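I sat down with this one chain and a list of things to look up. These are my notes, in the order I made them.

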Amino acid sequence: MASQINKSVAIIGGGPAGLMAAEVLIQGGARVDVYDAMPSVGRKFLRAGTGGLNITHSEPFGQFVSRYGSRRAQIEPLLKQFGPNDLQAWVHKLGFETFIGSSGRVFPVCMKASPILRAWLKRLQDHGVTFHLRHKWQGWNEDASLGFETPEGEMSLRADAVILSLGGGSWRRLGSDGKWVELLRQAGVKVETLKPSNCGFDVQWSEYFRERFNGQPLKSVILSFKDSFRRQGEFIVTRTGVEGSLIYAASAQLRDEIEARGKAVIQLDLAPNFSLEQVNEKLARQRGSKSLASHLERTVGIKGLKAGLLREFVPKKYLSDTPLLAKAIKGLSIPLVAARPLDEAISSAGGVPFEELDEHLMLRKMPGVFCAGEMLDWEAPTGGYLLTACFASGRAAGFGVLNWLG
Ligand SMILES: Cc1cc2nc3c(=O)[nH]c(=O)nc-3n(C[C@H](O)[C@H](O)[C@H](O)COP(=O)(O)OP(=O)(O)OC[C@H]3O[C@@H](n4cnc5c(N)ncnc54)[C@H](O)[C@@H]3O)c2cc1C
């Protein structure tokens, strides 16, 4: 460890971003106190572990950084300092092996976050990081000190530098409730409203469809949206609409379209293994006395949920018109009418815009106050991109503080 620099740093928010900042700062010789509103830190990280903890992705760096879309220019420099390979090496050093899944996603072999978090917290505590739990930050007091609500009542404190790593606004029960948005706005910082990202969408199913297919997976379809999104995958039909990996991947575009135009119409190719001509030709074969349902199943493998979707969205007259039916199978239009609420989303878009920050992630209007993690205004699909950028920005903020404290 480096020699003490006798400066105190308050990190507010003990998720992956805040803990990574704490690691950098304690190694840099600062006195580090982590404050968190919850009775324990890293709750969203632990929740991510129930899905196997997809920590990062193994694709080439150029492709990896493209996942941050319009924020690539701001996230790329952070990932150049601490990217997917560094993150894997960091996990290994903590004592955990990783493996690359068939989709290129990277997971710890233990497929859980709890042992990793436990080992990490022990290392941080052994190095002198102090944790203050059940300390809910309430903003700045008139004398510019930090105000907290604690089980012992209100408390105020000062530090030589502050890192805010308060998370987004999804899954409030895990601690990040987005209440900080108003606190920063009151302090004069511009903050983009938090929006759901990697979220499900509402579809106005008929009562029959909802009862019959709620919870069923729609396997291997191609989802297209305008000319900007086309991907093969699967998703789940829910009581209210649709959710799951394929929907999440398109969610930013779909959400923005609904915001601008009131709805987003996706196109589903229900028979991705056949061309339109092949579907046409197969459907035109002699049906004899067979029902349409068994004809569809026998010729193009459409049954169950796929057949249900056709009946839900295709006008009745199409069902007896082979070319129209084939067209519907290769491009079924489904209108999405609303994004599911932020609290249900995997992550948040919006937050502190990079224009409000300098290159060390310090607020331009508040020297000595840094921001990191999901509370920054970027978004990315699932696939390990969220955690990777949270770790990388936490690390960058930590180094930013060391640099600022001189
Ligand atoms: C169900 C689910 C599964 C996920 N799976 C994955 C995955 O497999 N891979 C992946 O890359 N990402 C995944 N994510 C996303 C990932 O977990 C988050 O992006 C990441 O945890 C954000 O890190 P953070 O440090 O910015 O914020 P958080 O982890 O949200 O931490 C913020 C902390 O700040 C504290 N806090 C908030 N407000 C205050 C306040 N006023 N005072 C004091 N403390 C406060 C909170 O209690 C919390 O501990 C998943 C998310 C969810 C919900």
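The entries below go from the whole chain down to single residues.

**Ground rules**

I am working from a predicted model, where local features need pLDDT of at least 70, side-chain atom pairs count only at pLDDT 80 or more, and totals for chains, interfaces and linings use all residues. Residues are numbered from 1 along each chain as its sequence is written, and side-chain values use heavy atoms, with hydrogens and water left out.

**Whole chain**

I looked up the secondary structure first and got 14 helices and 20 strands in the protein chain. Both are DSSP runs numbered from the N terminus: helices are H or I with at least four residues, strands are E with at least two. The C-alpha trace spans about 85 × 45 × 35 Å along its principal axes.

Next came burial: 53% of the 406 residues count as buried. My cut-offs are under 20% relative accessible area for buried, over 50% for exposed and partly exposed in between, using a 1.4 Å probe and protein chains only.

The exposed area of the chain is about 18,400 Å², and 49% of it comes from carbon and sulfur atoms. Those areas are from the Shrake-Rupley method with a 1.4 Å probe; for residues, only the protein chains shown count as cover.

I also checked contacts, meaning heavy atoms within 4.5 Å. Among contacts with a separation of 6 or more, 69% are between residues 24 or more positions apart.

**Charges and salt bridges**

I get 50 positive and 41 negative side chains, with the centres of the two sets 8 Å apart. Lys and Arg count as positive, Asp and Glu as negative, while His and the chain ends are not counted. Each charge is placed at NZ of Lys, CZ of Arg, CG of Asp or CD of Glu.

How many salt bridges does the structure hold? I find 25, taking a salt bridge as a side-chain nitrogen of Lys or Arg within 4 Å of a carboxyl oxygen of Asp or Glu.

I went through a few of them:

- Arginine 67 pairs with glutamate 59 at 2.8 Å, N to O. Arginine 67 is partly exposed at 25% relative accessibility, whereas glutamate 59 is buried at 12%.
- Lysine 136 pairs with aspartate 177, with the closest N and O atoms 2.7 Å apart. This pair links distant parts of the chain, 41 residues apart: lysine 136 sits in strand 7 (residues 136-140), and aspartate 177 in the loop between strand 10 (161-164) and helix 7 (180-186). Lysine 136 is partly exposed at 24%, and aspartate 177 is partly exposed at 22%.
- Lysine 190 pairs with glutamate 192, closest N and O atoms 3.5 Å apart. Lysine 190 is partly exposed at 46% relative accessibility, and glutamate 192 is partly exposed at 31%.
- Arg71, Glu355 and Asp377 are linked in a network of salt bridges.

**Methionine 111 and leucine 53**

Which residues make up the nonpolar patch on the surface? I noted Phe99, Val109 and Met111, with about 240 Å² of accessible area together. A patch here takes residues with over 30% relative accessible area and no salt bridge, joining like charges within 9 Å and nonpolar side chains (Val, Leu, Ile, Met, Phe, Trp, Tyr) within 5 Å.

Methionine 111 lies in the loop between strand 5 (105-108) and helix 6 (114-126). Methionine 111 counts as partly exposed because its relative accessibility is 34%.

I then turned to backbone angles. Most residues other than glycine have a negative phi. Methionine 111 has a positive phi of about 55°, and leucine 53 has a positive phi of about 60°. Leucine 53 is in the loop between helix 2 (43-49) and strand 3 (56-57).

Is leucine 53 buried or exposed? Leucine 53 is at 0% relative accessibility, so I filed it as buried.

**Two last look-ups**

Glycine 308 is in helix 12 (residues 304-313) and counts as buried at 13% relative accessibility. Leaving aside neighbours within four places in sequence, glycine 308 contacts Phe209 and Phe213. For phenylalanine 213, the C-alpha to C-alpha distance to glycine 308 is 8.1 Å, with their positions 95 residues apart in sequence.

Aspartate 86 belongs to helix 5 (residues 84-93) and is partly exposed, with a relative accessible area of 34%. I also took its C-alpha to C-alpha distance to lysine 282: aspartate 86 and lysine 282 are 52 Å apart in space and 196 residues apart in sequence.
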